[in-house]
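Okay, thanks everyone for coming. I'd like to walk you through one structure today, so have a look at the screen while I talk.

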Amino acid sequence: MTREQRPMNKIVAIANQKGGVGKTTTSVNLAAGLALCGEKVLLVDMDPQANATSGFGVEQPAQTLYDCLFKDVPPAESIMSTAVSKLELLPSGPDLAGAEIELAGVAHREERLKQVLSTISNQYDFIILDCPPALGLLTVNALTAAQSVLIPVQSEYYAMEGLGRLMETIERVRGSLNQDLSIEGILLTMCDTRLTLSRQVSEEVRKFFPEKVYRSVIPRNVALAEAPSYGRPGLLYNSASIGAKAYMDLAKEFLVNGKESTG
């Protein structure tokens, strides 16, 4: 696949207001997978819990996304390299916890992240935004800055209910802030095909969104759960695990889908 065959400088938000659906695990490992495929990638940690940041072994970054959003620090001064070649990180920290309140008083508050990323977006093939598990101003900023949104959905009860609320938010953003926002894809996570519930949820999601659900499915996997405590993406922690292989498959499918959507 050549660079001319797919969109460049694409910003993708990884979003779901429900916690515990594998959102950060997906952000970290998709970003790592794309970098391992040869893409230049920036992962932006937008969650005040900073799990994507600590997932790369970074505990107390000197500067974070907060400084870029509210102190006019150029993002290039806060971006860090990672253990994955061609993958860089714009870290988060606890200071981002007050961002929802501070953004409320900022002019064009929904576009603050878009303004920050506009200065560096042409330096990357993909920018991955790891959104917080809420539909507040930080997530709205991500949806306003992104060209598309990838939605992790856990194979459990109420999956469709949470997905419906997120779709409503995406439509509101599309109607007033970002008319070009599209659904990149829906990813089934934490699947156990031995369980009837997992199979039922998978069938239901594919029925309602037949063209948007990835063939790649992320299983429940011990290696993926252990990797953050070692400060490494699952793809580096145990590349032979079924979880790592599933995310590598996702990265390849993601790239193929991007090529087909522009072909």
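I'll go from the overall fold to the central sheet, then to the cysteines and the pocket. Keep in mind that this is a predicted model.

So, the overall picture. The protein has 12 helices and seven strands. Its radius of gyration is 17 Å, close to the 18 Å that the globule rule gives for 263 residues, so the protein is as compact as a globular protein of that length. If you want a box around the C-alpha atoms, think roughly 50 × 40 × 40 Å along the principal axes. And of those 263 residues, 53% are buried.

Now the sheet. What order do the seven strands take? Reading across, the order is S3-S4-S2-S5-S1-S6-S7, in an open sheet with mixed pairing. At the edges sit S3, residues 80-81, and S7, residues 182-189, and each of those pairs on one side only. As a quick reminder, strands of a sheet pair through backbone hydrogen bonds, either parallel or antiparallel.

Let me stay on S5 for a bit, which covers residues 126-130. How many of its five residues are buried? Five of the five. Looking along S5, Phe126, Ile128 and Asp130 point one way, with Ile127 and Leu129 pointing the other way, and all of them are buried.

S5 has a partner on either side in that strand order. One is S1, residues 10-14, which runs parallel to S5 and is joined to it by five bridges. The other is S2, residues 41-45, also paired with S5 in the parallel sense over five bridges. Asp130 is the residue to find on your screen here: Ile14 has Asp130 as its bridge partner in S5, and Asp45 stands opposite Asp130 as well.

On to the cysteines, since somebody always asks. How many disulfides does a search of the whole structure find? Zero. Why do Cys68 and Cys131 not bond? The cut-off for a disulfide is sulfur atoms within 2.5 Å. The closest cysteine sulfur to that of Cys68 is in Cys131, and it is 16 Å away, too far for a bond. Turn it around and you get the matching answer: from Cys131, the closest cysteine sulfur is in Cys68, at 16 Å. Are these two cysteines buried or exposed? Cys68 is buried, with a relative accessible area of 1%, and Cys131 is buried too, at 0%.

Last stop, the largest pocket. There's about 540 Å³ of space in there. The lining takes in 30 residues, and the ones nearest the centre are Gly22, Thr24, Thr25, Met190 and Pro228. Which helices each supply at least two residues of that lining? Those are H1, residues 23-36, H2, residues 51-54, and H10, residues 222-226. H1 gives the most, with five residues. As for chemistry, the lining splits into 12 nonpolar, 13 polar and five charged residues.

That's my tour. Happy to rotate the view if anyone wants another look.

Technical notes: Residues are numbered from 1 along each chain as its sequence is written. This is a predicted model: local features need pLDDT of at least 70, side-chain atom pairs count only at pLDDT 80 or more; totals for chains, interfaces and linings use all residues. Side-chain values use heavy atoms; hydrogens and water are left out. Buried means under 20% relative accessible area, exposed over 50%, partly exposed in between (1.4 Å probe, protein chains only). On a 1 Å grid over the protein atoms alone, a cavity is a set of points where a 1.4 Å probe fits but cannot get out, and a pocket is an open set with protein on both sides within 12 Å along at least five of seven lines; lining residues have an atom within 4 Å of a point. Grid points are joined across faces, edges and corners, and a volume is the space filled by probe spheres set on the points. Helices (H or I, at least four residues) and strands (E, at least two) are DSSP runs, numbered from the N terminus. Ala, Val, Leu, Ile, Met, Phe, Trp, Tyr, Cys and Pro count as nonpolar, Asp, Glu, Lys and Arg as charged, and the others, Gly among them, as polar. Two strands pair if DSSP finds at least two bridges between them. The radius of gyration is taken over C-alpha atoms; the globule rule is 2.2 Å times the number of residues to the power 0.38.
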